[in-house]
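Let's take a walk through this model together, starting with one side chain and working outwards from there. Keep the viewer open as you read.

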Amino acid sequence: MGMCVMDFPRRGDWGSRPGSPGWRMGCPGSRWLWLCTLRLLCIVPAGEPVQRGDRDTNAGFPKAMDNVTVRQGDNAVLRCAIDSGVTRVAWLNRSSILYAGKDKWATDPRVVLLTNSKTEYSIEIQGVDVYDEGAYTCSVQTHNHPKTSQVHVIVQVPPQIVNISNSISVNEGSNVTLLCLAIGRPEPVVTWRHLSPPVRGFASEDEYLEITGISKEQAGDYECQAVNEVSSPDVRKVQIIVNYAPYMSDGRSVGAAVGQKGILRCEAFAVPLAEFEWYKEEQRLSNGLNGVQIKNIDGKSMLTFFNVSEEDYGNYTCVAINKLGFSNTSVLLFEEKTSTILANWKGPGAVQDHNNAPAGMTSSLWLLVIIFVHFLFKF
């Protein structure tokens with residue numbers, strides 16, 4: 001084994017580069033030259049790391065702080081407590097010299113010297129990133145021999161969703177798989193939740209959300225949430241549109257007197273929205289013909305008769321159609337007698353008596369009015 005002979009530089013020469021007046025050595029071979037350099041400048045201990053017993057009985061030991069946990073982007077301060085028995089100090093990261101005394105060896109501008117006193121030797125790493133995580137060594141030279149103390153930097157990273165499925169449109173009965181990938185340190189917990197309508201709670205506690213034979217009730221917004229203890233959760237949303245054929249509620253029959261206005265209505269639930277057609281028996285009705293108007297708004301359709309005639313009475317069929325199918329319902333337009341209208345009429349401020357006649361009108365007079373109306377319609 002080769003032997004390296006060296007003299008430590010004077011106190012004021014600590015941190016001098018090889019070749020300076022503070023250096024006198026004889027080291028055969030480049031391998032041993034590197035070892036000599038580390039022992040001199042990095043103060044890599046020729047002896048053993050400090051043990052618990054040494055810290056209690058020996059003077060001049062370094063004592064680094066406990067492990068440092070720092071969030072990505074924040075600054076990490078590494079402190080080393082020393083005393084008057086320490087003659088030389090240095091901070092190392094793995095096999096790299098960061099600082100030796102007041103001299104900076106690190107090329108990273110984020111590493112700065114904070115304190116170099118008789119009691120503390122500390123550095124700061126600014127804007128910490130994940131590659132800064134690891135062990136850092138405070139190494140000192142005492143009157144006896146070199147000693148070290150280590151601190152481990154733990155970098156925490158807020159959760160971030162890096163890949164998530166796009167919003168999709170599927171037909172009812174299809175199988176759906178949504179993906180949500182997140183990164184962070186510690187590793188985030190990923191959950192899926194069905195938001196609307198209404199809030200249904202957790203749908204999956206995993207990166208994948210699988211829905212077999214999706215129904216129209218399972219349509220809506222789904223939220224992916226990535227959580228760890230570093231910061232607030234990262235949240236993203238995906239919309240699932242479920243297409244289905246129209247279905248309709250039963251139609252309501254409508255009464256209208258001859259010459260009056262009558263409106264038939266129907267409603268269909270469908271995705272995509274249904275288109276409507278109206279039929280009387282087998283004849284399709286057209287908008288604007290024969291005094292009728294068809295108006296469709298947001299899944300509802302109205303068939304309006306502006307001047308009802310005897311021929312308009314009868315059964316009508318409302319048909320709702322989209323690309324997935326159709327549905328229909330029947331609506332009856334029946335004749336409402338004028339006597340019924342009059343019997344239910346209340347004029348402004350009128351109070352109806354027990355015979356349903358407007359106030360101020362005798363029972364005999366009211367009966368005459370009814371007979372007169374019937375007579376008119378008869379002829």
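Before we zoom in, one term: a polar contact is a pair of N or O atoms within 3.5 Å, and within protein one of them must be able to donate a hydrogen and the other to accept it. Bear in mind, too, that this is a predicted model.

Now find Thr329, which sits in strand S27 (residues 325-335). Its side chain reaches the backbone nitrogen of Gly251 at 3.0 Å. Is Thr329 buried or exposed? Its relative accessible area is 7%, and the cut-off for buried is under 20%, so Thr329 counts as buried. Look around it and, setting aside neighbours within four places in sequence, you'll find Thr329 in contact with Met248, Ser249, Asp250, Gly251, Cys266, Tyr316, Thr317 and Cys318.

Step back to see what S27 belongs to. Five strands make an open sheet with mixed pairing, in the order S20-S27-S26-S22-S23. Strand S20 (254-256) and strand S23 (283-284) are the edge strands, each pairing on one side only. S20 and S27 run parallel and are joined by 3 bridges; Val254, for instance, has Leu333 in S27 as its bridge partner.

Tyr316, one of the contacts of Thr329, leads us to the aromatics. The structure holds 3 aromatic pairs. In one of them, the ring centres of Phe305 and Tyr316 are 5.4 Å apart and the planes are at 65 degrees, so this pair is edge-to-face. Phe305 lies in strand S25 (residues 300-305) and Tyr316 in strand S26 (residues 314-322), so the pair ties together parts 11 residues apart in sequence. Both Phe305 and Tyr316 are buried. Elsewhere, ring pairs link Tyr244, Tyr247 and Phe269 into a cluster.

What about the nonpolar cores? The largest has 23 residues, and Leu78, Ile82, Trp91, Leu98, Val111, Ile123 and Tyr136 have the most contacts inside it. Among the elements giving two or more residues to this core are strand S6 (86-93), strand S11 (134-142) and strand S12 (146-164). Apart from it lies another core, of 21 residues, and here we meet Phe305 again, along with residues including Ala274, Val292 and Tyr313.

Finally, how far can you lean on all this? The chain averages a pLDDT of 77, and 70% of the residues score at least 70. Among the elements, strand S13 (residues 168-171) has the highest mean pLDDT, 97, and strand S1 (residues 5-6) the lowest, 32. The pLDDT is below 50 over residues 1-60, and also over residues 345-379.

Methods
Residues are numbered from 1 along each chain as its sequence is written. This is a predicted model: local features need pLDDT of at least 70, side-chain atom pairs count only at pLDDT 80 or more; totals for chains, interfaces and linings use all residues. Side-chain values use heavy atoms; hydrogens and water are left out. A nonpolar core is a set of buried Ala, Val, Leu, Ile, Met, Phe, Trp, Tyr and Cys residues joined through side-chain atoms within 4.5 Å. Buried means under 20% relative accessible area, exposed over 50%, partly exposed in between (1.4 Å probe, protein chains only). Helices (H or I, at least four residues) and strands (E, at least two) are DSSP runs, numbered from the N terminus. Contact means heavy atoms within 4.5 Å. pLDDT is the predictor's confidence in each residue, from 0 to 100. Two strands pair if DSSP finds at least two bridges between them. Rings of Phe, Tyr and Trp (its six-membered ring) pair if their centres lie within 6.5 Å; planes under 30 degrees apart count as stacked, over 60 as edge-to-face and the rest as tilted.
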